[in-house]
Amino acid sequence: MRTERAGAELVIDLDAIAANWRALRDRVAPGVGSAAVVKADAYGLGVGPVARALAAAGCTAFFVATPDEGAALRRVVPEATILVLHGVPPRAEGFLARHRLVPVVNDLGELERWRRRAATAGGGDAVLHLDTGLNRLGIPPEDSQRLIDRPELVRGLRVTWMSHLACADEPGHPMNAEQLRRFRVLLGRLPAGPATLAASAGVLLGPAYHFDLVRPGYALYGGNPVAGAPAMRPVVRLSARILQVRRVDTPGSVGYGAAHRVTGARNIATVPVGYADGFLRSLGGRGSAVIDGWRAPVVGRISMDLTTIDVSGIPSERARPGAVVELIGETRTVEAVATDAGTIGYEILTALGRRYPRHYVGGTVAA
Ligand SMILES: *Cc1c(COP(=O)(O)O)cnc(C)c1O
């Protein structure tokens with residue numbers, strides 16, 4: 001904790017992000033590229049420092065969700081390839097071209113608009129997203145067939161073929177092999193071009209899923225998308241200082257709704273992090289925190305700005321006002337917090353609030 005004034009702080013380890021990117025890159029064959037997905041402000045961790053650290057580690061291609069995210073990222077990594085997952089919004093062709101953004105094209109109308117633009121500009125790049133079963137975004141099978149029948153629809157474009165897996169976090173799920181099969185069949189019939197299928201979990205499915213480019217996001221940020229796979233290096237530490245410790249005895253309760261009733265005398269510590277900081281309200285009565293290696297369960301409801309933890313089992317000289325409580329970190333992993341909250345680690349990361357100071361450690365380029 002650097003700032004006594006700040007009750008809570010978020011530390012983001014840029015060296016760990018770079019190490020996670022290298023660890024995934026080392027799982028793919030030498031000729032296979034490793035991009036980084038940095039949509040949603042690099043999963044809530046800050047796209048500026050994160051992309052700079054990844055570029056310094058050797059990453060040259062970045063995926064974002066929207067054209068605006070792409071334009072913001074262009075200022076951070078002037079030379080990199082930036083790919084925009086949400087495609088070519090109406091009349092956005094000029095914007096994409098001006099910021100040198102490569103759209104991930106999701107339907108044939110977008111394709112035609114982007115191809116016309118590329119024709120006047122003397123060529124262009126596009127990623128064509130083929131839906132192989134996710135049924136969320138991408139070119140549906142009947143339109144993929146039209147591309148097979150009419151290869152002139154992509155003439156003049158340098159095309160990379162993409163698809164996205166629905167169940168990669170469950171390695172044994174039959175959908176993985178089925179989507180892989182469908183993707184391969186399409187690639188065998190479409191005009192030749194490099195291909196990309198795997199996000200974080202897909203990288204762990206093995207080389208058959210790697211094709212020419214992998215595009216992990218979550219694992220870079222310390223997430224472990226597949227249970228039992230080798231752990232990624234933790235990246236995020238959310239900690240807070242205890243504001244107050246109260247002795248509560250029966251008959252008494254803690255917090256809104258009197259939702260937590262004490263049984264016997266308990267020591268309750270209050271920390272300045274709440275659901276407005278991304279410490280989800282569903283963690284009320286279910287989450288936990290760690291003080292000097294001692295676990296303290298979250299009791300009562302999470303408030304907007306405050307959380308109460310039961311520190312009765314912890315020596316009072318440790319669980320005292322000003323003591324540092326870890327809410328997310330090496331001892332409270334993103335996955336553990338997500339499990340307590342009934343969600344996934346992705347939501348924990350992207351919900352992290354904007355109120356506390358963020359400290360970036362590591363990184364070869366100043367943040
Ligand atoms: C978000 C996203 C990724 C990255 O997924 P992770 O599970 O975070 O690695 C890759 N590809 C597409 C199409 C995505 O939407």
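D340 is buried (under 20% relative accessible area, 1.4 Å probe, protein chains only), with a relative accessible area of 18%. Its salt-bridge partner, R332, is likewise buried, at 9%. This is a predicted model, in which local features need pLDDT of at least 70, side-chain atom pairs count only at pLDDT 80 or more, and totals for chains, interfaces and linings use all residues. Residues are numbered from 1 along each chain as its sequence is written, and side-chain values use heavy atoms, with hydrogens and water left out.

**Salt bridges**
- The whole structure contains 17 salt bridges, each defined as a side-chain nitrogen of Lys or Arg within 4 Å of a carboxyl oxygen of Asp or Glu.
- Between D340 and R332, the closest N and O atoms are 2.6 Å apart.

**Helix 6 (residues 108-121)**
- E112 and R115 form a salt bridge with a closest N and O separation of 3.5 Å.
- Both residues lie in this helix (a DSSP run of H or I, at least four residues, numbered from the N terminus), 3 residues apart, or about one turn.
- A network of salt bridges links E112, R115 and R116.
- E112 is partly exposed (between the buried limit of 20% and the exposed limit of 50%), at 25% relative accessibility.
- R115 counts as partly exposed at 22%.

**Helix 8 (residues 174-189)**
- The side chains of E178 and R181 meet in a salt bridge at 2.8 Å, N to O.
- About one helical turn separates R181 and E178, because they are 3 residues apart in helix 8.
- R181 is partly exposed at 47% relative accessible area, and E178 is partly exposed at 25%.

How values were computed
Helices (H or I, at least four residues) and strands (E, at least two) are DSSP runs, numbered from the N terminus.
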